[in-house]
2 protein chains.
Amino acid sequence: MSGQNGRSVSTRRYPCENCPLRPLPVFREFTAKELAYVTHFKKGELAVERGATVLVEGSHSAHLYTVLSGWAFRYKLLSDGRRQILNYTMPGDLIGLQGSVMGEMQHSVEALSPMLLCVFERGELHDLYRNYPELAYDITWLASREERMLDENLLSVGRRSALERCAYLIAFICARADGVGLIARKPVAIPITQQHVADTLGLSLVHTNKTIRKLAARGLVRWRDGGCEVLDVDGLKELAHWEGLGEERRPLV
Amino acid sequence: MSGQNGRSVSTRRYPCENCPLRPLPVFREFTAKELAYVTHFKKGELAVERGATVLVEGSHSAHLYTVLSGWAFRYKLLSDGRRQILNYTMPGDLIGLQGSVMGEMQHSVEALSPMLLCVFERGELHDLYRNYPELAYDITWLASREERMLDENLLSVGRRSALERCAYLIAFICARADGVGLIARKPVAIPITQQHVADTLGLSLVHTNKTIRKLAARGLVRWRDGGCEVLDVDGLKELAHWEGLGEERRPLV
DNA sequence: CGTACTCTTGAACCGTCTCAAGCTATGTGG
DNA sequence: CCACATAGCTTGAGACGGTTCAAGAGTACG
């Protein structure tokens, strides 16, 4: 069934036992019992097109998602239209937990590429907490991870120069995309426009462009085909005074 | 027993049944069973002085805290000393969850006033998740709330002007402090210096000062005794285009 | 009584913004 | 196939918001 606004729900289930993400080394092992429950918890799959809005600020979504494939970003708007991108989401990330736990969504989510999402039902979250404490703990783990990334982004926007910020952002996205199958081929290609970069870093589009040109002049990145090609991640990290996000293996729900 | 670095552990327990926070209308009701478990979960109390560092970036703390009284702030440092304040913590807030769940602390916490903290043991968190799903859910709730505040702060630092940012920050702190006994008397007094404001908003101290003077000239705030007195919260909210943090009652762990 | 911390103000500088224009793709309808 | 529109990137010039440097005043504290 095809959707009217870039969404379509597929009834064909990608069974969790054949989850394409779970075998990846960045994710933790899972007991068979947990796997069985997640399979039961998962209600279906949702395919969204590039540019589609997955969740809207102000709504009360009945669903909670895990990204199976594709890129998206979370953002908030000020009443006069100024936009702030808060973070990016990639395979293995939860979408909509805030709304599920607290009720109303206070940010929106938009797809940067075609995406496939696992759909869970908000109402069953209590059930999960009651019966699968390990999974509940994993969800808290993922929430803490998101918080940690936000801390880092805030540090960046608040205290780094434009050049450092750009370098940081690109290195950050790279570090996250690495390991979840988004950057199979080198050089790494990130599907964002310079407007996204500007709205993430609190800069104007014009200045972002000039800053990116400086990074390009140093041979760190290249902008092509409406996206970013990363040539030297380590150079970017060094320029940004960023240590990387020192992550071990993480849970996947 | 008095500490060497602004900490002292009191063996006298403030029993959870007589918790001074729980009766406040901003917090949710609690079952007797949950209360009993929290009492068991709580290992003692920690008193810290103003200016003391509660948690340090890079450490692996064995503890997790709930603020019983007093103010603090979370922050991160860049290698060259630039500081970004991430958020403020007040009574009822959890401190150190990130570190407890993921291992290493990636931010520090410093007290803005004398504080009293309930001490929990990190190792028992799994136990809590296993036996008290409602409490586990509450912890996730609190983590989501923190995330929501960070989203809002990021929007502010990224997209609001200096004047709007200052207005937002003061209104935000006010809104949070209201209801947890921190601002008993009017006018509201917030124990932060202009340096804290600057480091929260990503501004220089000098410009922060000039901006605050503008707010003062409009009769919105007054700076006195090394702290901020709020004269017109609604005026600040309007200036910042901020709707308030629309919170219902929240859990307390 | 000196030292430290906080707030305050002025002046010069520069990082970033806004405005404006042009360029290159890509896609669409005639 | 061309005409036109749209989205994204690029560049220059001038204006402005915010930074840095510098100095001084008030208060708290040992």
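**Symmetry, DNA contacts and cysteines of the predicted model**

In this predicted model, chain A can be laid on chain B by a turn of 180° and a shift of 0.0 Å along the axis, with an RMSD of 0.0 Å. The two copies are thus related as by a two-fold rotation axis. The contact between the copies was examined in the same terms: 100% of the interface residues of chain A are also interface residues in chain B, so the copies meet through the same surface.

Both protein chains take part in the surface near DNA strand C, since helix 7 (205-217) of chain A and helix 7 (205-217) of chain B each supply at least two of its residues. The most is given by helix 7 of chain B, which contributes four residues. In all, 13 residues lie around DNA strand C, and those that come nearest are Ser204(A), Gln194(B), Asn209(B), Arg213(B) and Trp223(B). Sorted by class, this surface holds five nonpolar, six polar and two charged residues.

On the side of the nucleic acid, sugar or phosphate accounts for 71% of the atoms of DNA strand C that lie within 4 Å of the protein, while the rest of these atoms belong to bases. Several individual pairs involve the phosphate oxygens of this strand. In chain A, a polar side-chain atom of Ser204(A) is placed 2.9 Å from a phosphate oxygen of DNA strand C, and an N or O atom in the side chain of His207(A) is found 3.3 Å from a phosphate oxygen of the strand. In chain B, the corresponding distance from an N or O atom in the side chain of Arg213(B) to a phosphate oxygen of DNA strand C is 3.4 Å. Ser204(A) and Arg213(B) are also among the residues that come nearest to the strand.

The cysteines were considered next. With a disulfide taken as a pair of cysteine sulfur atoms within 2.5 Å, the count comes to zero disulfides over all chains. Cys228(A) is accordingly in no disulfide, the nearest cysteine sulfur being that of Cys174(A), at 7.4 Å. For Cys228(B), likewise in no disulfide, the nearest cysteine sulfur is that of Cys174(B), 7.4 Å away. As to solvent exposure, the relative accessible area of Cys228(A) is 1%, and this residue is therefore buried, the limit for that class being under 20%. Cys228(B) also counts as buried, because its relative accessibility is 1%.

How values were computed
Residues numbered from 1 in each chain as written. Chains lettered and ligands numbered in written order. Predicted model: local features only at pLDDT ≥ 70, side-chain atom pairs only at ≥ 80, totals over all residues. Heavy atoms only, no water. Buried < 20%, exposed > 50% of the residue type's maximum accessible area, 1.4 Å probe, protein only. Near = heavy atom within 4 Å. Polar contact = N/O pair within 3.5 Å; in protein donor to acceptor, adjacent residues only side chain to side chain. Nonpolar A, V, L, I, M, F, W, Y, C, P; charged D, E, K, R; others polar. Least-squares fit on C-alpha atoms with pLDDT ≥ 70 in both. Contact = heavy atoms within 4.5 Å.
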